[in-house]
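Thanks for sharing this one with me. Here are a few friendly notes on the sheet and the helices around it, set out point by point so that you can follow along in the viewer.

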Amino acid sequence: EDFVAGLITRFLERGNFRVVRAADGAEAERVYAARAGTFSLVMIDATLPDMHGGALARTLRDRTRGLPIMFVSGRDTSALRDVFASEGPTGFLPKPFLPAEIVRQVRALIGATA
């Protein structure tokens, strides 16, 4: 959702993070491939317009082992948690969320790889 993505972008930018947005999974794959090695973390909605967030996460983790991923969802993410948490730093941000919670979780995930 563009509105939610805009809110998250503003919250993270206020927390001094640089944010690159993509409208859907295909665009995210293209952006990630074009900027390989420059991302500290990816945030993925569990339900994207063109694919499941888990499929995008799989593609990105296959390219970059241990890539920190934060899933955002208003639904149960236990299946994603079971699959991805054992493969690297993985966060889960339930909707609705508070701005401070997003920044805190992102910092924690990035710190887990430092």
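1. Please keep in mind that this is a predicted model. A good place to begin is I44, which sits opposite F71 of strand β2. The chain gets from β1 to β2 by way of helix α3, residues 53-63, in a right-handed β-α-β crossover.

2. That residue pair belongs to a longer ladder: β1 (residues 42-45) and β2 (residues 69-73) are joined by four bridges and run parallel. V42 is also part of the picture, facing I69 in β2.

3. On its other partner, β2 runs parallel to β3, with five bridges between them. M70 has G91 of β3 as its bridge partner, and S73 is bridged to P94 in β3. The link from β2 to β3 passes through helix α4, residues 78-84, and this β-α-β crossover is right-handed.

4. Taken together, the strands form an open, three-stranded sheet with parallel pairing, in the order β1-β2-β3. β1 and β3 (90-94) are the edge strands, each pairing on one side only. On average, neighbouring strands in this sheet are turned by 25° against each other, direction ignored. Helix α3 packs on the sheet and touches β1, β2 and β3, its direction making about 155° with that of β1.

5. Which way do the residues of β2 point? I69, F71 and S73 point one way, whereas M70 and V72 point the other way. This is a nice match to the general rule that side chains in a regular strand alternate between the two faces of the sheet.

6. Is β2 buried or exposed? Buried here means under 20% relative accessible area. Five of the five residues of β2 are buried, so the strand is largely enclosed by the rest of the structure. Both sets of residues in β2 share in this: I69, F71 and S73 are buried, and M70 and V72 are buried as well.

7. If you look at one strand in the viewer, I would suggest β2: four bridges tie it to β1, five bridges join it to β3, and α3 touches it too.

Definitions and conventions:
Residues are numbered from 1 along each chain as its sequence is written. This is a predicted model: local features need pLDDT of at least 70, side-chain atom pairs count only at pLDDT 80 or more; totals for chains, interfaces and linings use all residues. Side-chain values use heavy atoms; hydrogens and water are left out. Two strands pair if DSSP finds at least two bridges between them. Helices (H or I, at least four residues) and strands (E, at least two) are DSSP runs, numbered from the N terminus. A crossover is right-handed if, with the strands pointing away from the viewer, the path from the first strand over the helix to the second runs clockwise. Axes are lines fitted to C-alpha atoms, for helices over the stretch in contact, and angles run from 0 to 180 degrees between N-to-C directions. Contact means heavy atoms within 4.5 Å. Buried means under 20% relative accessible area, exposed over 50%, partly exposed in between (1.4 Å probe, protein chains only).
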